[in-house]
Amino acid sequence: MSEDFVNGDVSFWFRSSGLPAPGAPLDGDLDADVVIAGAGYTGLWTAYYLKKADPALRVVMLEKEFAGYGASGRNGGWLVGELAGTPERYARTHGEEAARRFQRVMFETIDEVIAVAAEEGIDADIVKGGVTTVSTNAAQDRRLHELVAHARRWGWTEDDLRLLEPAEREERLRVAGAVNAVWSPHCARIQPAALVRGLADTVRALGVEVYERTPVTEIVPRAARTPYGTVRARHVIRATEGFTAELKQYHRAWLPMNSSMIVTEPLGALWDSIGWQGCELLGDMAHYYMYAQRTADGRIAFGGRGKPYLYGSRVDDRGRTHEWTVEALWELLTGMFPAVRESAVAHAWSGVLGVPRDWCSTVHLDRSTGVGWAGGYTGHGVATANLAGRTLRDLILGEDTELTRLPWVDRKVRSWEIEPLRWIGVHTMYDLYRRADAREKAGLGRTSVLARVADSITGR
């Protein structure tokens, strides 16, 4: 692996699409109908659907850096229809049919994003090629078959998820040591920074006021406060995801979990030995899982957990990645595709995602205070944020719709523990997952006890 690569600078996605210059900050107090803290996917989709529904609304967005600076511009480019959290958790409060409907709405959300991007002329390299998930040892393979059985119990048919025959698996992409694989059509590849920049341009054209370099320091009933003024509004929406812990009043609401990525140089003729001629996404069944895409310019973008959590819910927002994390991701990538060793890492970066205590996303609007939020996507935010934006639109407009009755709306979640308990819990959990994966890779038998203990620590 070459050491001559870009580390940080937000992400490869912004490097390739162009790093935007932050716009003007807020300059004094304002009155609005809706003020949104955070100009990532959640905030932008909320603003988009509000202005489409009622162009007369004055919608103001406040962003600490520039639109898409956080997870929206750094993620793996998976527009995936999986729920954030398990259907069992949503069924406990709303019943199984509600959980099944929630899943179907998530599937439909992929096509909604694709349709809006096409309608608004946003070129984000979107291709709906589905997602392949592989198992590379016996323990992973047991979980792969359990995944299929679980999906069937919750109404997924062969059209939603199916086991691939070995010949088809190898035809799709040749992962070294693959035992089995499943494929689902409910996923699309995107260039995340291109999507978020396109959305930002679109909402500005619709009349949304976006103030950048303007951190929100406090959210109170009917107002958002910043160092440069206060925006008063009937509705105040918190759309801060992995940066939520920086707001003192929400410090323990969502844990900022780090995820890291590398991207190779363009692979050229190396693709002949890899396969992967389609644009499907790739994941695996490890506890310490990975996620990857073939980019539009012929690279592999490959991600996974690095240093998962910083003490005190601190956030390293510049995106620089520890050397050992880059090396670990490179070893995972080249273990799956040995031919890639002839290439090199071109860029490495990191970002944070928001994790609620029960690992389930929420949408909420308190009508007595006007304060609302959406997020806690646990890594499923590219599609889920779109659904959140449409749901917040309906809640803000006071409409009773199918979306406002979904089981994540007004879901109650307890806060994370105080330090040092949450640091100990998260790092213990991921250490157990790493140990479980190492034992499985070495063929040392079942590791279900380790995994169950890891799951129990954070209530997954």
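Biologist: Why is β17 called mostly covered?

Modeller: In β17, 11 of its 11 residues are buried. Buried means under 20% relative accessible area, exposed means over 50%, and partly exposed lies in between (1.4 Å probe, protein chains only). The model is predicted: local features need pLDDT of at least 70, side-chain atom pairs need 80 or more, and totals for chains, interfaces and linings use all residues. Residues are numbered from 1 along each chain as its sequence is written, and side-chain values use heavy atoms, without hydrogens and water.

Biologist: What makes β1 and β17 a pair?

Modeller: Two strands pair if DSSP finds at least two bridges between them. Strands (E, at least two residues) and helices (H or I, at least four) are DSSP runs, numbered from the N terminus. Two bridges join β1 (residues 6-7) to β17, so the rule is met. The two strands run parallel, and V6 stands opposite H347 in β17.

Biologist: Which way does β13 pair with β17, parallel or antiparallel?

Modeller: Antiparallel. Strand β13 (residues 255-264) pairs with β17 over 10 bridges. T264 stands opposite V345 in β17.

Biologist: Why does the length of helix α7 agree with what is expected?

Modeller: The expected span is 1.5 Å times one less than the number of residues. Helix α7 (residues 192-205) has 14 residues, so it should span 20 Å. Its end C-alpha atoms are 20 Å apart, which agrees.

Biologist: Why is α7 called largely enclosed?

Modeller: Because 10 of its 14 residues are buried. Among them are P192, L195, V196, L199 and V203. The buried residues of α7 pack against α1 (12-17), α2 (41-53), α4 (96-119) and β9 (209-211). Such packing rests on contact, meaning heavy atoms within 4.5 Å.

Biologist: What caps the N-terminal end of α7?

Modeller: Q191 does. A side-chain oxygen of Q191 lies 2.9 Å from the backbone nitrogen of A193. Just after α7, G207 takes a positive phi of about 105°.

Biologist: Why is R357 called buried or exposed?

Modeller: R357 has a relative accessible area of 8%, so it falls under the cut-off and is buried. This arginine sits in the loop between β17 (345-355) and β18 (362-365).

Biologist: What joins the side chains of R357 and E417?

Modeller: A polar contact of 3.0 Å. The term covers N or O atoms within 3.5 Å; within protein, one must be able to donate a hydrogen and the other to accept it, and residues adjacent in sequence count only if both atoms are side-chain atoms.

Biologist: Where is R411, and is R411 buried or exposed?

Modeller: R411 lies in the loop between α10 (381-396) and α11 (421-441). Its relative accessible area is 14%, so R411 is buried. A polar contact of 2.9 Å joins the side chains of R411 and D358. Not counting residues up to four places away in sequence, R411 touches R89, Y90, T93, D358, C360, S361, T362 and V363.

Biologist: How many disulfides are there?

Modeller: Zero. A disulfide needs a pair of cysteine sulfur atoms within 2.5 Å. For C187, the nearest cysteine sulfur is that of C279, 12 Å away. That is beyond the cut-off, so C187 is in no disulfide.

Biologist: What sets C187 and C279 in their burial classes?

Modeller: C187 has a relative accessible area of 0%, so C187 is buried. C279 reaches 21%, so C279 counts as partly exposed.
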